[in-house]
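Here are my comments on the structure you sent, as numbered points. Please read them with the model open beside you.

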Amino acid sequence: MMNKTDELVSWKSYLNTALFIALLTILLKAFDLYFDLVNISLLYLFPVLFSAVRWGRGPSFFAAGLGVLTFDFFFVPPTLSLTVADLRYILSFIVFLSVAALTASLASKLRSQFHQAQQKEASTAALYALSRKITAISDLDVLLIQIVQHVSDTLDAKAAILLPNQMGEQQLEAYSKEGEAWASDESHLSIAAWVYKHNTRAGRGTQTLRESSDLHVPLATDRQVHGVLTVHVGDRNMSDMPELIRIIEALSDLVAVAISRVKLANEAKVAQLTAESEKLRTALLDSLSHELRTPLATIIGSVTGLLEGEDVFSPEDRRELLLTIREGSTRMNRLVGNLLGMVRIESGMMRLNKEWCGIEDVVGVALAQLRDSLQQRKVSIRLAPELPSIPLDEVLIEQVLINVISNAIKYSPEGSEIVIEAGQNREMLELTIKDEGTGIAPSDFEMVFEKFYRGNLTKHIPGTGLGLAICKSIVEAHGGHIAATKNENRGTAISISLPLQFAEKDGNGHDNFRSENLNH
């Protein structure tokens, strides 16, 4: 069945062929004194060739028949009559028609081959363009939207993709622009369910629902059927459908591979996250068992001694045991705080409550909380003069300093020095904590800020591996940066940079420091 556009094109081709022959006849009639009948008959092959190349076999055969009649009527004696005076002209007409038919067939075949080559080139270009467009897409929803729009633009037709839900029922996932009403038709769901189940195409030009205006093609790979691609092909010629089906199936194969790739990538991510979660859970349980057992054992031992040996201990001994209990409790509280902080960070619930604050106040509060842990270590505080106040979350930055200084205490021997320096570098406040402890291997400078990571030089010392990871998240949430480097002599230097935007004053930028030594 032809649509109206094809019928109009067909009638125009025959009309143009007739006009071409009429113009040629007028031209030859005007110059017939210069041409003999043989030349005139050969010139009538031009409309045949032109029609075959331009419109195909039908108009070319029409040109051949009309050319013979026109040649006989206007040029073969007696003129202006279809009769012939010499019967040999009948043989000439037969030869002309044979040559015209052969020429028309060859030209039409050449035209058909050229048209097929154009279609294959367009199909290849469409596949290449689609493959380039979807290669880097990892989100399934974005992928489906890009695909249906590309198919719609390539075929100049509405397109939709239906995928099975968790219940196995087909549901509309994506559709081309201005195709929502068409794509939401309930009949598409039932047809798509049949196509999905049988992994067979259906619709116009196929063995199933041949007269339909839609074409449904399964999106299948070797492993499984992922869904159905539906294209509104309208009432196109059945003769054009095989090539159109070939193009749509080629596109559907590429789409199926892309969907399979995204699904496999998502499954791999889930598997990786599951493995990492299990690894983190195991590491967390191991770390907690070590970190909690030590302070708990200390607290239980001290409390038991106080209860059972009330008459044995002197006031100094009692104070020592109470300090031990407080230190163990503080250590456990810090561990719980780190765990809760990591939970807030991982869940995205951490919110900054920024206020103007002097860095010397934050350092003082952090040292006050760690006073008992410092024992015989010496702390040197070196702050540049007239440091500006900066906007920060005081509680969170205190937690950062407590974690960093706690590490300096844990990994450095008694009697060593811990240096805390602060200065201004352009629009940043630079805070550095240096210790004289075990140090960090250069290969671990970046890794120590990862969750649960323990440096190779310090694995023998109990710890959760959460402290520096929390510090990094908090500092970066403030727009700053934290890094680990080697201390000048020995040990580690942790550098923290915080932005001074909207600071109250700029500072004088001098290199001299005001220093304060706290000996414990």
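1. Start with one residue pair: Ala160 has Thr230 of β5 as its bridge partner. The model is a predicted one, so every remark below is about computed coordinates. Between β1 and β5 there are 4 bridges, and the two strands run antiparallel.

2. β5 is also joined to β4, here by 7 bridges, and this pair is antiparallel too. Within β5, Val231 is the residue that Leu215 stands opposite. The two strands β4 and β5 make a hairpin, with 4 residues between them. As background, strands of a sheet pair through backbone hydrogen bonds, and the pairing may be parallel or antiparallel.

3. Now place these strands in the whole sheet. It is an open sheet of 5 strands, ordered β2-β1-β5-β4-β3, with antiparallel pairing. At the edges are β2 and β3, each of which pairs on one side only. As for β5, 7 of its 8 residues are buried, so the strand is mostly covered. Side chains in a regular strand alternate between the two faces of the sheet.

4. What lies across β1, β2 and β5? Helix α6, residues 140-155, does, and it runs at about 145° to β1. Helix α8 packs on the sheet as well, touching β1, β2, β3, β4 and β5. The direction of α8 makes about 135° with that of β5.

5. Look at α8 by itself. The helix covers residues 186-198, which is 13 residues, and spans 19 Å from its first C-alpha to its last. That is close to the 18 Å expected at 1.5 Å a residue. Its buried residues are His188, Ile191, Ala192 and Val195. Viewed down the axis of α8, the buried residues fall within an arc of 105°, so they line one face of the helix. Glu186 and Lys197, on the other side of α8, are exposed.

6. What do the buried residues of α8 pack against? The list is β1 (159-164), β2 (170-175), α7 (180-183), β3 (202-203), β4 (214-220) and β5 (225-232). Note that this list includes a helix, α7, as well as strands of the sheet.

7. Check both ends of α8. At the N-terminal end, Asp185 acts as the cap: one of its side-chain oxygens is 3.1 Å from the backbone nitrogen of Ser187. Just after the helix, Asn199 has a positive phi of about 55°.

8. The loop between β3 and β4 contains Thr206. Is Thr206 buried or exposed? Its relative accessible area is 4%, and buried means under 20%, so Thr206 counts as buried. The side chain of Thr206 reaches the backbone oxygen of Gly203 at 2.6 Å. Leaving out residues up to four places away in sequence, Thr206 touches Arg201, Leu215 and Ile245. Leu215 is the residue already met opposite Val231 in β5.

9. A last point concerns helix α14, residues 467-477. The buried residues of α14 are Gly467, Leu468, Ala469, Ile470, Cys471, Ile474 and Val475. Just after α14, Gly479 takes a positive phi of about 85°.

Terms used
Residues numbered from 1 in each chain as written. Predicted model: local features only at pLDDT ≥ 70, side-chain atom pairs only at ≥ 80, totals over all residues. Heavy atoms only, no water. Expected span 1.5 Å × (residues − 1). Buried < 20%, exposed > 50% of the residue type's maximum accessible area, 1.4 Å probe, protein only. Arc of directions from axis to C-beta. Contact = heavy atoms within 4.5 Å. Polar contact = N/O pair within 3.5 Å; in protein donor to acceptor, adjacent residues only side chain to side chain. Pairing = 2+ DSSP bridges. Axes fitted to C-alpha atoms, helices over the stretch in contact; angles between N-to-C directions.
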